[in-house]
Amino acid sequence: MKNAARRANKKPRTAFRQSLFWDVDPKAIDPKKHAVYVIERILDFGDDAEVRWMWNYYEHALIRKVVEHSRVLFPATRSFWGLMLSA
């Protein structure tokens, strides 16, 4: 419960790297509305800071759901995060 309250108070990231979202305008991305898209990109291409932000911003159950059901994640990404989230 404490983590959920902390996440609710987290502010969305103000700017995403253009190289992470090369196919859209990063300023137009809403981290809540486009959560699955943001999580997929960060899991596949994110740097340490972006992964840390994602881990603290989104519920871990949502990240796990994306890993299990995404049709765009690289197989190596799915395997790695599947192991990380099963611990």
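**Exercise 1. State how accessible Asp 23 is, then find its salt-bridge partner and place both residues in the chain.**

Solution. In this predicted model, Asp 23 has a relative accessible area of 45% and is partly exposed. The class follows because buried means under 20% and exposed over 50%. Next, look for a side-chain nitrogen that meets the carboxylate: Arg 41 forms a salt bridge with Asp 23, with 3.0 Å between the closest N and O atoms. Then place the two residues. Asp 23 sits in the loop between H1 and H2, and Arg 41 in helix H2, so this pair ties together parts that are 18 residues apart in sequence. Finally, check the cover on the partner: Arg 41 has a relative accessible area of 12% and is buried.

**Exercise 2. Determine which residues are joined into one network by salt bridges that share partners.**

Solution. Start from the total: the structure holds three salt bridges. One of them joins the side chains of Arg 17 and Asp 47, at 3.9 Å from N to O. Arg 17 belongs to the loop between helix H1 (2-9) and helix H2 (35-45), while Asp 47 belongs to the loop between H2 and helix H3 (48-57), so the contact ties together parts that are 30 residues apart in sequence. The side chain of Arg 17 also meets that of Glu 50 in a salt bridge, at 2.6 Å from N to O. Here the loop between H1 and H2 is linked to helix H3, with the two residues 33 positions apart. Arg 17 takes part in both the bridge to Asp 47 and the bridge to Glu 50. The network therefore consists of Arg 17, Asp 47 and Glu 50.

**Exercise 3. Sort Arg 17, Asp 47 and Glu 50 into buried or partly exposed.**

Solution. Take the residues in turn. Arg 17 has a relative accessible area of 30%, which makes it partly exposed. Asp 47 is partly exposed as well, at 34%. Glu 50 is buried, at 1% relative accessibility.

**Exercise 4. Describe the chain as a whole: its elements, its buried share, its contacts and its surface.**

Solution. First, count the elements: the chain has five helices and zero strands, in the order α-α-α-α-α from the N terminus. Second, take the burial: of the 87 residues, 32% are buried. Third, consider contacts with a separation of 6 or more; 49% of them are between residues 24 or more positions apart. Last, the accessible surface is about 6,000 Å², and carbon and sulfur atoms account for 58% of it.

Note on methods. Residues are numbered from 1 along each chain as its sequence is written. This is a predicted model: local features need pLDDT of at least 70, side-chain atom pairs count only at pLDDT 80 or more; totals for chains, interfaces and linings use all residues. Side-chain values use heavy atoms; hydrogens and water are left out. Helices (H or I, at least four residues) and strands (E, at least two) are DSSP runs, numbered from the N terminus. Buried means under 20% relative accessible area, exposed over 50%, partly exposed in between (1.4 Å probe, protein chains only). Contact means heavy atoms within 4.5 Å. Accessible areas come from the Shrake-Rupley method with a 1.4 Å probe; for residues, only the protein chains shown count as cover. A salt bridge is a side-chain nitrogen of Lys or Arg within 4 Å of a carboxyl oxygen of Asp or Glu.
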